[in-house]
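Work through these exercises with the model open. Each task is followed by a stepwise solution.

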Amino acid sequence: MDNLKYYWHKLKYNLSSFMHRLLAGRYGIDHFYRFLTTVVYILLIIQIFLKPKFLYLLTTILLFYNMYRVFSKNHQVRHKENQLYLKYQRKFLSWFNLQKRKFNERKEYRFKVCPNCKQNLRLKNVKGSHTVSCPKCKKDFNVKI
Ligand SMILES: [Zn+2]
């Protein structure tokens with residue numbers, strides 16, 4: 001029994017030192033990796049129901065690209081890719097949150113875009129024609145609600 005325990009610990013140690021040697025200096029996992037992994041899972045689930053060949057190819061390419069990123073030693077390029085991903089993620093999330101807010105506050109407020117600086121403005125839902133002063137660029141413009 002003690003012998004079995006010894007071999008088990010030795011196997012665990014060898015496996016963990018192998019993993020350390022394998023991953024030393026590698027880029028590893030980041031936000032972009034998690035996003036791509038989620039996309040791969042979604043594509044795999046779609047493939048259970050539909051069986052298009054191009055999807056299989058796309059999934060395989062994404063999977064290999066993801067693995068390539070994890071084991072890459074070019075940290076600078078991988079970091080740039082991750083930053084680009086995070087930039088678009090932020091843009092999408094802010095757009096999504098704005099849509100959610102527009103929907104939740106649709107009875108009390110109207111959302112208009114400033115024609116000068118493209119800033120989103122939240123205006124009280126009062127019927128009629130109004131002159132609005134943009135808090136960002138301080139320009140006045142007319143709005144009809
Ligand atoms: Zn403005």
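**Exercise 1.** State what share of the residues in this predicted model is buried.

Solution. The protein has 145 residues. Of these, 24% count as buried. The accessible surface comes to about 11900 Å². Carbon and sulfur atoms hold 64% of that surface.

**Exercise 2.** Compare the radius of gyration of the protein with that of a compact globule of 145 residues.

Solution. Start with the globule: its radius of gyration would be near 15 Å. The protein has 26 Å. Next, take the C-alpha trace, which spans about 85 × 40 × 35 Å along its principal axes. Then turn to contacts between residues at least 6 apart in sequence: 35% of them join residues at least 24 apart.

**Exercise 3.** List the secondary structure elements in order from the N terminus, then check the span of helix α1.

Solution. Count the elements: four helices and four strands. Their order is α-α-α-α-β-β-β-β. Helix α1 covers residues 2-23, which makes 22 residues. At 1.5 Å a residue, α1 should span 32 Å. Its end C-alpha atoms are 32 Å apart, so the two values agree. After α1 comes Gly25, with a positive phi near 80°.

**Exercise 4.** Is Ser72 buried or exposed? Describe its surroundings as well.

Solution. First, place Ser72: it sits in the loop between α3 (53-71) and α4 (75-104). Its relative accessible area is 5%. The cut-off for buried is under 20%, so Ser72 is buried. Next, find the polar partner. The Ser72 side chain reaches the backbone nitrogen of Asn74 at 3.1 Å. Last, leave out residues up to four places away in sequence: Ser72 touches Gly25, Arg26, Tyr27 and Arg78. Gly25 is the residue with positive phi that follows α1.

How values were computed:
Residues are numbered from 1 along each chain as its sequence is written. This is a predicted model: local features need pLDDT of at least 70, side-chain atom pairs count only at pLDDT 80 or more; totals for chains, interfaces and linings use all residues. Side-chain values use heavy atoms; hydrogens and water are left out. Helices (H or I, at least four residues) and strands (E, at least two) are DSSP runs, numbered from the N terminus. The expected span of a helix is 1.5 Å times one less than its number of residues. Buried means under 20% relative accessible area, exposed over 50%, partly exposed in between (1.4 Å probe, protein chains only). A polar contact is a pair of N or O atoms within 3.5 Å; within protein, one must be able to donate a hydrogen and the other to accept it, and residues adjacent in sequence count only if both atoms are side-chain atoms. Contact means heavy atoms within 4.5 Å. The radius of gyration is taken over C-alpha atoms; the globule rule is 2.2 Å times the number of residues to the power 0.38. Accessible areas come from the Shrake-Rupley method with a 1.4 Å probe; for residues, only the protein chains shown count as cover.
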